[in-house]
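Biologist: Please show me the model. I would like to ask how its descriptions are reached.

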Amino acid sequence: MSTPHYSVPAPEAAPKLKRLSSVKKTNRMLKAVNFILLSLFSLTVLLPMWFMFITAVKTSQEVFAYPPTWWPTEFVWSNFGEAWQAAPFSGYLGNSVIVAAFAVVGSVLSNSLVAYGFAKMRFVGRNFWFAVILATMMIPGFVTMIPQYILYANIGWVGTFLPLIVPPFLGSAFFIFMLRQFYMTIPTELIESAYIDGANNFYIWRKLIVPMSAPALTTVGVLAFNGSWNDFLGPLLYLTDPATFTLPIGLKVFIGQLNTQWNFLLAASCMVLLPIIIVFLLFQRYFLEGMNLNGALKG
């Protein structure tokens, strides 16, 4: 009968096993620390939203209770209906949808075209003009506010949606920069092969660049929607007819000279915030991919 053979680990294998176990422990500790830090940072964002929501479902007396309560004694869900009926919010919603839709379409079309030109086309002064566009990001918006208002007033745009829906079609320095960096990751050989097949730049942009940059364009669309939907200063300056007001302007109905109806104001704010949350959840995957400048190289 043969005797069993037992494999004995080599003496030098023991330190390697110890090092591997210590590396695994370190990785677990780092993951735990990251989880704790991310949870704490998330609370800084979620707590104000939670306080806004619970204030929206409180009674008027409990809103001013001291110390503030983090859980209402009674959930007044009717605050949402009363807040929506306090002003023509249905009309404000339609106006916001119109302005935001034009902002998304204009931002995606104009910025993608300009970014493609700076990324893949050769022309004199390309780097100079790109630097000029980036330099405009350092000019505060308040500096150009009065000249823009005078310009729009002289051409008769004040009191209409045009000052809110036309500028997105003229491009944004930040979106141009972001899309250009994304387009730079697309191999130039693809563009050159399309040129050889007889395609022009517009055809290449429409049939090749746009499908490959869907995540980046989605990111631009989401950011443009968010900025237009939450814009308060623009509609406040240029819209004069109450029938053309957007949702952020409509929230002023709950703010008086002597008091503010906080529960109704925050109830309406929750309803205004809801479309932004829905849009982000629907396009979250594309949004995160679009923030990765190497996304065009995947697949």
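The talk below covers confidence, a helix pair, a peptide bond and a pocket.

Modeller: This is a predicted model, where local features need pLDDT of at least 70 and side-chain atom pairs count only at pLDDT 80 or more, while totals for chains, interfaces and linings use all residues. Residues are numbered from 1 along each chain, and side-chain values use heavy atoms, without hydrogens and water.

Biologist: What is the mean pLDDT of the protein?

Modeller: The mean is 85, and 89% of residues reach 70 or more. pLDDT is the predictor's confidence in each residue, from 0 to 100. Helix H15 (residues 284–290) has the lowest mean among the elements, 74, and H7 the highest, 94.

Biologist: Why is H11 called roughly antiparallel to H14?

Modeller: The axes of H11 (residues 214–229) and H14 (residues 262–282) cross at roughly 175 degrees and come within 11 Å. Angles over 145 degrees count as roughly antiparallel, so H11 is roughly antiparallel to H14.

Biologist: Which residues make the contact?

Modeller: Val222, Phe225, Asn226 and Trp229 of H11 meet Val272, Pro275, Ile276 and Val279 of H14, with contact meaning heavy atoms within 4.5 Å.

Biologist: What makes the peptide bond from Tyr66 to Pro67 cis?

Modeller: Its omega is near 0 degrees. Pro67 is in the loop between helix H2 (60–63) and helix H3 (78–85).

Biologist: Which residues are closest to the centre of the largest pocket?

Modeller: Gly141, Thr144, Gln148, Pro167 and Asp231, of the 38 that line the largest pocket. Helices that each supply at least two lining residues include H4 (89–120) and H6 (145–154).

Conventions: Axes fitted to C-alpha atoms, helices over the stretch in contact; angles between N-to-C directions. Helix = DSSP H or I, 4+ residues; strand = E, 2+ residues; numbered from the N terminus. Parallel < 35°, antiparallel > 145°, perpendicular 65-115°, else oblique. 1 Å grid on protein atoms, 1.4 Å probe; cavity = no way out; pocket = protein on both sides within 12 Å on 5 of 7 lines; lining within 4 Å.
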